[in-house]
Amino acid sequence: MSSLSKGVEKVRISLRWDPSPSGAPSHDLDIIAAVYSADDPRGEPAHLVHFDRRSADGTITLNRDSRTGQGFGDDEVMTVELHRMAPSYVRVVVGVAIQQSTGRRTFGDITGTGLRIAEGYDELARHDFSAVSGATAATVAEFTRNGSGVWEFREDVRGFDADPDSFARLMGAAPA
């Protein structure tokens, strides 16, 4: 964290996975961030950010989006600038969903999966999705703004059996 008084300010979420074997359909995993307002912190997200949607205020950016897992290093990267978010936003839930266009795939079906959440050089969390290997989507983190306006981080790995659209509606409603 930046400091005890400032809380979490800007995080980088990095996702990687191995490409499909030769001749098999590609695996496509997506990072999704749901932002919730103080008026409805566990209801409908005020906005979603993923491969097809951006943050209108520029506080959440998808820096890299892979559809195959090919290449070296991270396949998808999202930056969340919590310190720049409007005071009306009090909760951000981050998850990963597997596109299901070529048939049902779970995290256990995809090799080399890994996720890292960091603030600067400080690693906040690292996951390999083994705890949710039977799931098609999973939440990985929750950021909440406390009463003093400071953002706090909590690991939140929960598996879901949902396509990306359904997952986007469910990910923030489940109890913390």
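Reader: What share of the contacts with a separation of 6 or more comes from residues 24 or more positions apart?

Author: It is 66% in this chain. A contact means heavy atoms within 4.5 Å. The model is predicted: local features need pLDDT of at least 70, side-chain atom pairs count only at pLDDT 80 or more, and totals for chains, interfaces and linings use all residues. Residues are numbered from 1 along each chain as its sequence is written, and side-chain values use heavy atoms, with hydrogens and water left out.

Reader: What makes up the chain, helices or strands?

Author: Ten strands and one helix. These are DSSP runs, numbered from the N terminus: H or I over at least four residues for a helix, E over at least two for a strand. The helix comes after the strands in the pattern β-β-β-β-β-β-β-β-β-β-α.

Reader: Why is the pair of Phe 107 and Phe 129 called stacked?

Author: Ring centres of Phe, Tyr and Trp (its six-membered ring) must lie within 6.5 Å to pair; planes under 30 degrees apart count as stacked, over 60 as edge-to-face and the rest as tilted. Here the centres are 4.4 Å apart and the planes differ by 5°, so the pair qualifies as stacked. Phe 107 sits in the loop between strand S6 (89-98) and strand S7 (114-119). Phe 129 sits in the loop between strand S8 (122-127) and strand S9 (137-145), 22 residues apart from Phe 107. Both Phe 107 and Phe 129 are buried (under 20% relative accessible area with a 1.4 Å probe, protein chains only; exposed is over 50%, partly exposed in between).

Reader: What makes the pair of Phe 143 and Phe 153 tilted?

Author: The angle between its planes is 45°, at 5.3 Å centre to centre. That angle is neither under 30 nor over 60 degrees, so the pair is tilted. Phe 143 lies in strand S9 and Phe 153 in strand S10 (residues 151-160), so the pair ties together parts ten residues apart in sequence. Phe 143 and Phe 153 are buried too.

Reader: How do you know that the charged end of Arg 91 sits over the ring of Tyr 36?

Author: The rule asks for NZ of Lys or CZ of Arg within 6 Å of the ring centre and within 35 degrees of the ring normal. The charged end of Arg 91 is 5.1 Å from the centre of the Tyr 36 ring. The distance therefore meets its limit, and the contact counts as sitting over the ring.

Reader: Why do strand S2 (residues 29-37) and S3 count as paired?

Author: Two strands pair if DSSP finds at least two bridges between them. S2 and S3 have three and run antiparallel, so they pair. Ala 33 has Val 49 in S3 as its bridge partner.
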